[in-house]
Amino acid sequence: MSLKSDSSSTLENIDDWKWKLNMLIRNHDEQEVVSRDRKDRRYYDQIAALANRMGLHSRQYSRIVVVSKFPLPNYRPDLDDKRPQREVIIPTILQRKVDNLLDNFFAQKPRSLLGLPDAAVPNSNGHISPDGSDDGLFDESESQMPTSEAEESSTS
């Protein structure tokens with residue numbers, strides 16, 4: 001008798017998952033179904049086979065079953081129970097070095113890649129260039145024309 005009730009609960013669970021997965025496919029705003037139920041972990045193989053037949057992706061993360069429209073990674077930190085124990089704390093001096101390196105990197109990037117207007121942000125030398133070019137990209141001799149040549153080019 002327990003074998004019969006066990007198989008009927010399996011069928012009910014699979015029917016529930018068929019409904020959930022059909023709703024997932026129809027709903028364009030939702031991307032995945034997440035379950036923490038013990039019975040879903042127990043029947044994960046059947047759920048995964050069903051999801052696969054429906055063109056979905058599934059993975060079990062320790063105590064959590066996820067079925068998604070997109071491929072799932074091997075590890076999901078947002079679903080990791082032990083994640084708070086794995087936080088990394090770096091020394092302040094290292095954080096300052098990283099911040100300085102990032103500041104230098106962004107100072108050398110073209111303003112358009114940063115999503116900022118060219119004239120609103122000073123370049124790496126602290127000057128605001130009207131054409132958006134970075135003075136650091138050219139030699140001093142190339143970036144500055146003698147006054148007489150500049151006047152000649154503007155009159156012609």
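Where in the chain is the place of A51? A51 sits in helix α3, and this helix is a useful point of entry once the chain as a whole has been described. The model shown here is predicted.

The chain contains 7 helices and 3 strands. Read from the N terminus, the order of these elements is α-β-α-α-β-β-α-α-α-α. Of the 156 residues in the chain, 19% are buried. The accessible surface amounts to about 12,100 Å², and carbon and sulfur atoms contribute 52% of that area. Among the contacts with a separation of 6 or more, 43% are between residues 24 or more positions apart.

Confidence is given residue by residue. The average pLDDT of the chain is 77, and 63% of the residues score at least 70. For residues 134-156 the pLDDT is below 50, and this stretch has 11 contacts in the model beyond near neighbours in sequence. Where pLDDT is low, the predicted coordinates should not be read in detail.

Now to helix α3, which covers residues 44-53. Which residues of α3 are buried? They are Y44, I47, A48, L50 and A51. These residues span an arc of only 160° around the axis, which means that they lie on the same side of α3. A general property of helices is relevant here: with 3.6 residues a turn in an α-helix, residues three or four places apart point the same way. The other side of α3 carries D45, N52 and R53, which are exposed. After the helix comes G55, and the phi of G55 is positive, near 80°.

A51 belongs to the buried side of α3. Its relative accessible area is 0%, so A51 counts as buried. What does A51 touch, apart from residues up to four places away in sequence? Its partners are L21, L56, S58 and V67. A further distance links A51 with an earlier part of the chain: K18 is 33 residues away along the chain, and the C-alpha atoms of A51 and K18 are 8.4 Å apart.

The loop between β2 (57-61) and β3 holds S62. Most residues other than glycine have a negative phi, and most peptide bonds are trans. S62 has a positive phi, near 40°, although this residue is not a glycine. With a relative accessibility of 55%, S62 counts as exposed.

The next loop to consider runs between β3 and α4, and P73 is found there. P73 has a relative accessibility of 38% and therefore counts as partly exposed. Leaving out neighbours within four places in sequence, P73 is in contact with R59 and Y61. P73 and S58 are 15 residues apart along the chain, with 9.9 Å between their C-alpha atoms.

R76 is also in the loop between β3 and α4. How many salt bridges does a search of the whole structure find? The search finds 2. One of them joins the side chains of E32 and R76, with an N to O distance of 3.0 Å. E32 is part of strand β1 (residues 32-35) while R76 is in the loop after β3 (64-68), so this pair ties together parts that are 44 residues apart in sequence. R76 also forms a salt bridge with D78, where the closest N and O atoms are 2.9 Å apart. Through these pairs, E32, R76 and D78 are linked in a network of salt bridges.

The members of this network can also be described by their accessibility. R76 is buried, with a relative accessible area of 13%. E32, at 26%, counts as partly exposed, and D78, at 48%, counts as partly exposed too.

The last feature is on the surface. Which residues make the nonpolar surface patch of about 720 Å²? The patch is made by V88, I90, I93, L94, V98, L102, F105 and F106. One of these residues, L94, lies in helix α4, which covers residues 92-108. L94 has a relative accessibility of 38% and so counts as partly exposed.

How values were computed: Residues are numbered from 1 along each chain as its sequence is written. Side-chain values use heavy atoms; hydrogens and water are left out. Buried means under 20% relative accessible area, exposed over 50%, partly exposed in between (1.4 Å probe, protein chains only). Helices (H or I, at least four residues) and strands (E, at least two) are DSSP runs, numbered from the N terminus. The arc is that of the directions from the helix axis to the C-beta atoms. pLDDT is the predictor's confidence in each residue, from 0 to 100. Contact means heavy atoms within 4.5 Å. Patches are made of residues with over 30% relative accessible area and no salt bridge: like charges are joined within 9 Å, nonpolar side chains (Val, Leu, Ile, Met, Phe, Trp, Tyr) within 5 Å. Accessible areas come from the Shrake-Rupley method with a 1.4 Å probe; for residues, only the protein chains shown count as cover. A salt bridge is a side-chain nitrogen of Lys or Arg within 4 Å of a carboxyl oxygen of Asp or Glu.
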